[in-house]
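Open the model in your viewer and keep the selection panel at hand. Each stop below gives you something to select and then tells you what is there.

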Amino acid sequence: MTFEAIDAWWWPYLFILVGGWLATDSWRFLGVYLGDRISEDSDALVFVRAVATALVAAVIANLVVSPSGPLADTPLLLRIGAAVAAFAAYLAARKTVIVGILAGEAVLLAGMYFL
């Protein structure tokens, strides 16, 4: 079964809904079921956290190094500078995520406006 298997207006929506649900909610249910049974210091949970962190880092690196859309028109140095500014603001604000996000966006938008 593929995305283009059925030629109906509703098929892409159903495909995305079912594919998105199966890919995410099954793992969420498993996490809720096993959440009380696994120690926070267990090797399995440390591994899961490491993989999750690595995936987030890979997505961010991909967005910085090879973006698509309007972000691809910005210079690489600006994207790297925005990421560095975001991380510095995140650390300066005692690891407040929203501060890092807003600082990175501010640097990126200012650079896009003035360049």
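This tour of a predicted model goes from helices to aromatic rings.

**Stop 1: helix H4.** Select residues 97–114. These 18 residues reach 26 Å from first C-alpha to last, close to the 26 Å expected at 1.5 Å a residue. Now colour Gly-100, Gly-104, Leu-108 and Gly-111, the buried residues of H4. Look down the helix axis: the buried residues fall within an arc of 65°, so they line one face of H4. What do they pack against? Add helix H3 (76–92), and you have the partner of those buried residues. Then turn to the other side of H4, where Ile-98, Leu-109, Tyr-113 and Phe-114 are exposed.

**Stop 2: H2 against H3.** Keep H3 and add H2, residues 43–65. The two helices pack at an angle of about 145°, and their axes are 9 Å apart. On the H2 side, show Leu-63, Val-64 and Val-65; on the H3 side, show Leu-76, Arg-79, Ile-80 and Ala-83. By class, this contact has six nonpolar residues, one charged and no polar.

**Stop 3: aromatic rings.** The model has four aromatic pairs. Select Trp-10 and Trp-11: the ring centres are 6.2 Å apart and the planes at 80°, so this pair is edge-to-face. Trp-10 is partly exposed at 38% relative accessibility, whereas Trp-11 is buried at 7%. Add Phe-15, and ring pairs link the three residues into a cluster.

**Stop 4: the end of H4.** Go back to Tyr-113 and Phe-114. Their ring centres are 5.0 Å apart with planes at 80°, so they too pair edge-to-face. Buried or exposed? Tyr-113 is exposed at 67%, and Phe-114 is exposed at 66%.

Methods:
Residues numbered from 1 in each chain as written. Predicted model: local features only at pLDDT ≥ 70, side-chain atom pairs only at ≥ 80, totals over all residues. Heavy atoms only, no water. Helix = DSSP H or I, 4+ residues; strand = E, 2+ residues; numbered from the N terminus. Expected span 1.5 Å × (residues − 1). Buried < 20%, exposed > 50% of the residue type's maximum accessible area, 1.4 Å probe, protein only. Arc of directions from axis to C-beta. Contact = heavy atoms within 4.5 Å. Axes fitted to C-alpha atoms, helices over the stretch in contact; angles between N-to-C directions. Nonpolar A, V, L, I, M, F, W, Y, C, P; charged D, E, K, R; others polar. Phe/Tyr/Trp six-rings, centres within 6.5 Å; stacked < 30°, edge-to-face > 60°.
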